[in-house]
Amino acid sequence: MGAVDEAVRLLSAAPPAWFRFPPLLTERAQLFADQGRFEESLEDCRALIAQSNAGAPRQLRDQLAARALDVIDAGIAEFPSDVDRLLRRIRICLLAECHEQVVDTCRRVLDVFPDHPEALNNLGYALVALQRYAPAIDCYRAMLASAPDDADTWLNLGNVLRHERQLDCALDAYRRALALRPAFAEAHMEHALCLLSDGQFAAGWAEFEWRWSTRQLRPYYFKDATPPWLGDFDLSGKTIVLWDEQGLGDTLQFVRFVPRVADRAARVVLRVPTSLKSLLQMLDPRVLVIDALETLPAHDCHCPLMSVPHALGLDRPADFLCAPYLKPSPNEVGDWSRRLGVRRRLRVGVAWAGRQSGMINPTRDVPLACLARLWSVDADFFALQKDIPESDCADHAELGAVLNDCGKFDDFVDTAAVVAQLDLVIAVDSVIAHLAGALGTPCWLMLRASGEWRWDNPDGVSSWYPGVRVFRQRVPGEWDAVVGEVVAALRRVADEDAASVRSGSQSPAA
């Protein structure tokens with residue numbers, strides 16, 4: 001009926017749970033745009049993308065962003081020095097993830113007002129998104145020159161310095177932020193990750209407990225009537241629930257500590273995502289494994305999985321090395337052995353991207369086209385991707401004769417059965433790397449320059465998985481050198497394997 005304001009009012013009055021219903025967000029995003037409320041329109045698009053990273057939500061966002069920029073740019077053409085219009089343009093481009101345009105527009109503002117805090121802050125954010133860390137550091141230092149008591153800017157500076165792996169400088173920045181705002185949960189959490197990167201595990205685990213006070217993670221804390229256990233009381237005679245948090249890779253990394261808790265408690269209940277339940281049922285016969293859909297049995301206390309090393313007082317790398325600690329299902333191994341057929345030459349699994357649902361991290365993934373040199377090596381390659389990135393679909397379709405597609409894995413029991421029969425896995429920082437490490441299958445990790453705390457061992461060998469070797473970017477965003485190193489190393493292993501097969505000796509370890 002053309003009653004846009006009333007339609008928006010009705011949609012906005014929906015119960016919170018309804019905002020998980022994509023058509024509602026889609027409709028309201030378009031109506032917000034009709035009202036000229038472009039920022040709110042793009043916020044709804046961002047919520048849609050967080051639910052599903054399929055093409056449609058991004059296409060809608062890009063269409064509405066283009067519409068918003070047409071309106072804003074028309075005003076800027078008439079009033080080119082209107083800073084408010086330029087700032088609005090920056091906000092629209094941030095919401096649309098048009099980071100190059102953010103950089104250009106911020107510099108237009110800074111040409112007129114060199115110390116403008118919002119322009120400097122947004123320029124720094126966009127440069128970080130583009131992995132241009134050095135100029136981002138300059139932005140935050142410029143802000144601190146005029147506002148040295150801004151805790152948020154010290155936090156942002158610390159984050160960029162950590163990306164640059166200047167850990168001592170990053171730690172100093174976090175401490176300055178915390179001196180200004182002692183209860184700054186986000187700064188405590190980033191400080192914790194920096195301490196863990198630096199090998200200061202005891203202090204890092206303690207600081208990491210602040211994560212449950214951050215805006216990002218607070219909603220996901222386990223709502224339970226029993227007290228949390230952080231090693232502060234005896235577990236003898238008690239039942240404890242250990243619960244998963246954050247990503248699948250985090251769960252696989254930290255379940256290594258579950259048997260140690262089982263040594264102390266009368267009973268351990270491990271709650272994990274459904275896709276990991278069957279695999280983790282083989283972790284320890286003393287542990288009851290359930291998923292989030294099942295009713296919790298009676299229990300006395302609980303602990304998030306990533307808090308277990310803190311609760312156990314583990315603070316040395318030697319405390320973490322216990323791989324392999326997972327094993328595949330014998331039945332599934334037999335089934336997949338028949339599907340994979342007779343081993344003819346080196347078997348290599350490949351996972352070039354992480355999850356493709358919700359908010360993804362593109363700087364972590366390697367475009368499939370960048371791996372073209374890999375296929376020239378004398379080996380059989382197996383795709384371990386559950387989801388193919390949309391940008392890789394065309395390249396993937398052309399690799400049918402080179403890259404064996406194992407199909408859609410229904411469960412990690414299937415994935416584990418395949419990985420256990422491979423000679424080597426080549427993966428980005430994803431759940432597949434953790435799975436290979438936990439099973440003891442050799443894994444070569446292709447890692448972005450900024451990396452992450454768990455892989456920050458300077459000698460290129462993981463402190464968490466003895467079979468994981470790290471190939472790290474030297475320049476942010478550039479994968480060619482990493483792929484070149486991997487191809488050269490793989491060719492040597494494939495040649496040794498072929499020679500051992502010809503001689504009848506055992507295949508060499510990767």
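1. A crossing of two helices is called left-handed if the near helix is turned anticlockwise from the far one by less than a right angle, and right-handed if it is turned clockwise. This term is needed for the two helix pairs discussed below, and it should be kept in mind throughout that the structure is a predicted model.

2. Taken as a whole, the protein has a secondary structure that comes to 22 helices and 10 strands. Along the principal axes, its C-alpha atoms fill a box of roughly 80 × 55 × 55 Å. The radius of gyration is 25 Å, which agrees with the value near 24 Å that a compact globule of 510 residues would have.

3. As for the interior, 51% of the 510 residues count as buried. Among the contacts in the protein with a separation of 6 or more, 62% are accounted for by residues that lie 24 or more positions apart.

4. The pair to which the opening definition applies as left-handed is α11 and α12, since α11 passes α12 in a left-handed crossing. On the side of α11 the contact is made by H188, M189, H191, A192, L193, L195 and L196, and on the side of α12 by F201, A203, G204, W205, E207 and F208. Sorted by class, the residues of this contact divide into nine nonpolar, three polar and one charged.

5. The geometry of that pair can also be stated: the axes of α11, which covers residues 185–197, and α12, which covers residues 201–208, come within 8 Å and cross at roughly 155°. Because angles over 145 degrees count as roughly antiparallel, α11 is roughly antiparallel to α12.

6. A second pair is formed by α20 (residues 412–419) and α21 (residues 431–439), whose axes come within 10 Å and cross at roughly 60°. That angle makes α20 oblique to α21, and the crossing of these two helices is right-handed. Here F412, T415, A416 and V419 in α20 meet V431, I432, L435, A436 and L439 in α21. By class, this contact has eight nonpolar residues and one polar residue, with no charged residues.

7. A single residue may also be worth the reader's attention, namely D335, which is found in helix α18, spanning residues 330–340. D335 has a relative accessible area of 25% and is therefore partly exposed, given that the partly exposed class lies between the 20% limit for buried and the 50% limit for exposed. Although D335 and A417 are 82 residues apart along the chain, their C-alpha atoms are separated by 8.6 Å.

Terms used
Residues numbered from 1 in each chain as written. Predicted model: local features only at pLDDT ≥ 70, side-chain atom pairs only at ≥ 80, totals over all residues. Heavy atoms only, no water. Axes fitted to C-alpha atoms, helices over the stretch in contact; angles between N-to-C directions. Helix = DSSP H or I, 4+ residues; strand = E, 2+ residues; numbered from the N terminus. Parallel < 35°, antiparallel > 145°, perpendicular 65-115°, else oblique. Contact = heavy atoms within 4.5 Å. Nonpolar A, V, L, I, M, F, W, Y, C, P; charged D, E, K, R; others polar. Rg over C-alpha atoms; globule rule 2.2 N^0.38 Å. Buried < 20%, exposed > 50% of the residue type's maximum accessible area, 1.4 Å probe, protein only.
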